[in-house]
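Student: Could we go through this structure together, asking at each step how a label is earned?

Tutor: Gladly, let's have a look.

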Amino acid sequence: MPGRLQDKVAIVTGASRGIGEAISRVFVAEGARVVGVARSAGALEALARDLAAAGAGGRFVPRVADVTSPGAAKEAVRETLERWGRIDILVNNAGVGHFAPVADLAEAAWDEMMAVNLKAPFLWSQAVLPHMMERRDGHIIMISSVAGTTTFVNGAGYCASKWGLMALADTLRQEVRPYELRVTAVCPGSVQTHFGGTPPRDYSLRPEDVAHTVLEVAAAPRRVVYGTVIVRPLVPADRQ
Ligand code: NAP
């Protein structure tokens, strides 16, 4: 039986671990071909080997890059089009979190969050848009956060970057509607990854929970536009 993303081509940033790895695994399992982007060559290659051993050889191609590097997005798009001739889905997932009161937050931490969480999705979206607009087909999925819909103490920089990402997603959605392109922001609550250096709560979402949400969004019929999807863990009654 064909997968739900059979022969679709996707670029997934931040594919070396956590949510991006889980999205890559689910996409490949559903028949997609994925270019996985991150800085950690070893982790990307290990994922490619693992998927190849599971019978998906050649359907996951690692691309070692810093998403913030000038030209990285355009180069990845060019190579993906050379390899597979199309790009159906871009998942802007790479992200970093630094949590401290505004009084103490390092300028470098602020800059990194703005660069990875906000500027990179702009650059990578801009890089795929000419192709998607010409084809009048494509879906850009931003992995935002509930931090893009609310604020919390120690989260000023992270929340600001994700609120900015929500504004980028909302604006882009309106701009590309005439081209029949879709833009979705997926906003997870706490997820069990190594993100931001804080240990996740045991009832947090698993990376594969977010990956399945992203699959639903990506595999939805073309007539369906999700817009913003918030996905939270069910907090046990005794922890509320
Ligand atoms: P993670 O386990 O720390 O993974 C982050 C990924 O981003 C890694 O693959 C990392 O790869 C990549 N990355 C970071 N900086 C990069 C850069 N400059 N260039 C290329 N890749 C870069 O975190 P995660 O939890 O999976 O987070 C993924 C996304 O989900 C983020 O956007 C995050 O804001 C969002 N999110 C997370 C949670 C949570 O609780 N975990 C909740 C809501 C939303 P390399 O280090 O190999 O480059």
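**Rings and pockets**

Tutor: Keep in mind that this is a predicted model. Let's start with Tyr 158, which has 8% relative accessibility.

Student: Why is Tyr 158 called buried?

Tutor: Buried means under 20% relative accessible area. Tyr 158 has 8%, so it counts as buried.

Student: And what makes Phe 99 partly exposed?

Tutor: The class runs between the buried limit of 20% and the exposed limit of 50%. Phe 99 has 30% relative accessibility, so it belongs there. Phe 195, at 28%, is partly exposed by the same reasoning.

Student: How many aromatic pairs are there in the whole structure?

Tutor: The search finds four. One of them joins Phe 99 and Tyr 158, with 5.2 Å centre to centre and 70° between the planes.

Student: Why is the pair of Phe 99 and Tyr 158 called edge-to-face?

Tutor: Ring centres must lie within 6.5 Å, and planes over 60 degrees apart count as edge-to-face. At 5.2 Å and 70°, Phe 99 and Tyr 158 therefore meet both conditions.

Student: What does that pair tie together?

Tutor: Phe 99 is in the loop between strand S4 (89-92) and helix H4 (107-135), while Tyr 158 is in helix H5 (residues 156-176), so the pair ties together parts 59 residues apart in sequence.

Student: Which other ring pairs with Phe 99?

Tutor: Phe 195 does, also edge-to-face, at 6.5 Å centre to centre and 70° between the planes. Phe 195 lies in the loop between strand S6 (182-188) and helix H6 (207-219), 96 residues from Phe 99. Together with Phe 152, the rings of Phe 99, Tyr 158 and Phe 195 form one aromatic cluster.

Student: How do you know that the charged end of Arg 83 sits over the ring of Trp 84?

Tutor: The distance part of the definition asks for CZ of Arg within 6 Å of the ring centre. The charged end of Arg 83 is 5.8 Å from the centre of the Trp 84 ring. The definition also has an angle condition, within 35 degrees of the ring normal, and Arg 83 is listed as sitting over the ring.

Student: Which residues are closest to the centre of the largest pocket?

Tutor: The largest pocket holds about 1,300 Å³ of space. Of its 50 lining residues, Ile 19, Tyr 158, Thr 193, Phe 195 and Gly 196 are closest to the centre. By class, the lining has 22 nonpolar, 21 polar and seven charged residues.

Note on methods: Residues are numbered from 1 along each chain as its sequence is written. This is a predicted model: local features need pLDDT of at least 70, side-chain atom pairs count only at pLDDT 80 or more; totals for chains, interfaces and linings use all residues. Side-chain values use heavy atoms; hydrogens and water are left out. Rings of Phe, Tyr and Trp (its six-membered ring) pair if their centres lie within 6.5 Å; planes under 30 degrees apart count as stacked, over 60 as edge-to-face and the rest as tilted. Helices (H or I, at least four residues) and strands (E, at least two) are DSSP runs, numbered from the N terminus. Buried means under 20% relative accessible area, exposed over 50%, partly exposed in between (1.4 Å probe, protein chains only). On a 1 Å grid over the protein atoms alone, a cavity is a set of points where a 1.4 Å probe fits but cannot get out, and a pocket is an open set with protein on both sides within 12 Å along at least five of seven lines; lining residues have an atom within 4 Å of a point. Grid points are joined across faces, edges and corners, and a volume is the space filled by probe spheres set on the points. Ala, Val, Leu, Ile, Met, Phe, Trp, Tyr, Cys and Pro count as nonpolar, Asp, Glu, Lys and Arg as charged, and the others, Gly among them, as polar.
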